[in-house]
Amino acid sequence: MAAALCRIFKQDGYKVAPFKAQNMALNSFITAGGGEMGRAQVMQAEAAGIAPDVRMNPILLKPTSDCGSQVILNGRAVGNQTAREYWGNKRALRPVVQAAYDSLASEYDILVLEGAGSPAEINLKQDDLVNMGMAEMADAPVVLVGDIDRGGVFASLYGTVMLLEPRERDRICGLVINKFRGDVDILRPGLAMLEQLTGKPVLGVVPYQPLDLDDEDSLSDQLSRDSCHAPVDLAVVRLPRISNFTDFSALPRVPGLGLRYVSRPDQLAGADLILLPGSKSTIADLKWLRESGLEAAILKAHAAGTPVFGVCGGYQMMGETIADPEGSEGGGSIRGMGLLPAETVFRAQKTTAQAAGELLAVEGDLAALTGHKTRGYEIHMGQTTLRPGAKPLQRLRRGEDTLLDGCQHQNAYGTYLHGVFDEGGVLGALAGALAQKKGVQLESGDFDMAQYKEAQYDALADTVRAALDMEQIYRILEGTA
């Protein structure tokens with residue numbers, strides 16, 4: 001919804017930017033300046049037609065365990081904290097949030113503020129700086145959105161309004177119901193009663209639409225996709241602490257490629273390519289891979305001729321050893337999968353940079369990737385060294401620096417570059433190589449990711465514009481509602 005409003009305001013000629021004071025997600029992005037931010041605000045910035053900026057997400061929490069996270073302020077990691085430690089220090093972060101908001105507000109006509117979770121989390125309200133607390137800091141009007149797809153939307157909206165303080169309740173200028181399936185006329189008696197009970201107008205009912213937009217985090221529906229009905233079958237291992245799974249979002253957009261997520265050894269059957277994603281806890285996830293039997297199944301499939309491709313943490317797992325001498329992930333060392341002649345050592349210093357590259361002479365089943373251009377970003381604390389004679393996968397350019405990245409060996413491939421599959425040439429070559437090996441015919445031609453995304457954002461805006469009372473929303477913005 002925030003992305004839709006960003007797109008609508010952009011279409012209407014306004015200079016608009018997204019803002020979310022605090023985000024918790026393992027899907028992150030690196031800006032041109034090397035700062036780290038949540039992918040949700042990156043998607044919203046794309047919808048607004050502007051470059052992502054860490055001010056749009058001044059606080060990013062990347063969970064490292066069930067009760068702890070790496071804390072990133074203004075794009076830079078400042079260490080790991082338990083939930084109790086973070087909440088104890090949260091009040092001190094208000095100036096950080098306010099400064100980021102004020103700086104953005106001075107450059108844009110409209111800021112679209114996204115909340116997090118529920119504004120009625122009464123156990124956390126005293127130090128809230130992302131929901132109603134942020135609305136107060138920004139003196140912003142509020143539209144409350146309920147997700148009917150999860151059920152109980154009337155109770156959710158009414159209960160939320162009633163649990164708010166009177167001053168917070170006064171900020172709510174309207175209600176929206178999202179993801180509705182069916183005939184809206186059947187809903188109208190409930191809408192009228194909701195307006196009467198809350199004293200707030202319903203600004204619209206947005207229909208459920210099968211739009212293809214980047215997902216924010218591990219709650220994504222696509223992670224539940226465990227079957228493939230396309231000619232070429234791609235299997236992503238669903239690690240417990242999976243991160244940046246958006247690296248694979250472009251793959252099923254190519255006609256003939258199917259993508260599914262696997263968490264059991266038997267689910268690897270029939271895969272034409274096995275993909276190992278990033279992880280916020282590489283050593284712990286490698287242990288899970290081993291204990292679950294998936295490591296043995298991957299090695300067996302690889303020995304039988306199935307190529308394996310790892311990105312970031314997945315690449316590290318494919319090497320011979322992973323060592324953590326500085327305790328970045330709790331310390332110790334672990335044997336890798338042995339698919340690549342490489343060794344990884346975790347360091348406290350985090351690499352965060354955008355990069356562009358070119359794939360070198362690629363061997364094995366994916367030889368068609370040779371020479372294709374890549375573009376993306378790096379986020380990793382590990383430094384990987386190739387064994388003598390090992391072959392890198394690509395040459396990268398980080399600003400003025402040129403370096404070799406990744407490794408390849410006997411149908412096993414790894415890279416640190418997030419977004420390695422986003423370029424049309426790479427997508428086309430990968431699809432062609434896998435189809436040729438399998439003996440199937442796919443549509444030819446490169447896939448234009450940027451053009452595809454633009455079309456999806458326009459479709460999103462068209463859907464939401466038609467469903468909402470935009471005249472009333474503009475009156476809310478102008479303070480005349």
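## A tour by salt bridge

Select Arg 253 to start: this residue is buried, with a relative accessible area of 9%. Here, buried means under 20% relative accessible area, exposed means over 50%, and partly exposed is in between (1.4 Å probe, protein chains only). What you have open is a predicted model, in which local features need pLDDT of at least 70 and side-chain atom pairs count only at pLDDT 80 or more, while totals for chains, interfaces and linings use all residues. Residues are numbered from 1 along each chain as its sequence is written, and side-chain values use heavy atoms, with hydrogens and water left out.

**Stop 1: the partner of Arg 253**

Which residue forms a salt bridge with Arg 253? Add Asp 212 to your selection: its closest O atom and the closest N atom of Arg 253 are 2.7 Å apart. (A salt bridge is a side-chain nitrogen of Lys or Arg within 4 Å of a carboxyl oxygen of Asp or Glu.) The two residues are 41 apart in the chain, with Arg 253 in the loop between strand 13 (242-243) and strand 14 (257-262), and Asp 212 in the loop between strand 11 (202-207) and strand 12 (232-237). Helices and strands are DSSP runs numbered from the N terminus; helices are H or I with at least four residues, and strands are E with at least two. Unlike its buried partner, Asp 212 is partly exposed, at 27% relative accessible area.

**Stop 2: a long jump in sequence**

Now pick Asp 272 and Lys 438, whose side chains meet in a salt bridge at 3.0 Å, N to O. Asp 272 sits in the loop between strand 14 and strand 15 (273-276) and Lys 438 in helix 12 (residues 424-438), so this pair ties together parts that are 166 residues apart in sequence. Is each one buried or partly exposed? Asp 272 is buried at 15%, and Lys 438 is partly exposed at 39%.

Next, light up Arg 39, Glu 46, Asp 212, Asp 214, Arg 253 and Lys 453 together: salt bridges that share partners join them into one network.

**Stop 3: Arg 181 and Asp 149**

Here is another salt bridge, with the closest N and O atoms of Arg 181 and Asp 149 being 3.1 Å apart. Arg 181 is in the loop between strand 10 (172-180) and helix 8 (184-198), and Asp 149 in the loop between strand 9 (142-147) and helix 6 (153-163), so the pair ties together parts 32 residues apart in sequence. Arg 181 is exposed, at 51% relative accessible area, and Asp 149 is partly exposed at 37%.

**Stop 4: two backbone oddities**

Most residues other than glycine have a negative phi. Select Asn 74 for a positive value, near 50°. You'll find Asn 74 in the loop between strand 6 (68-73) and strand 7 (76-82), partly exposed at 36%. Then try Lys 179, with phi near 65°. Lys 179 is in strand 10 and is partly exposed too, at 32%.

**Last stop: zoom out**

Show the whole protein, and you have 14 helices and 25 strands in view. Its C-alpha trace spans about 70 × 50 × 45 Å along the principal axes. How many salt bridges does the structure hold? There are 33. Colour by burial, and 53% of the 481 residues count as buried.
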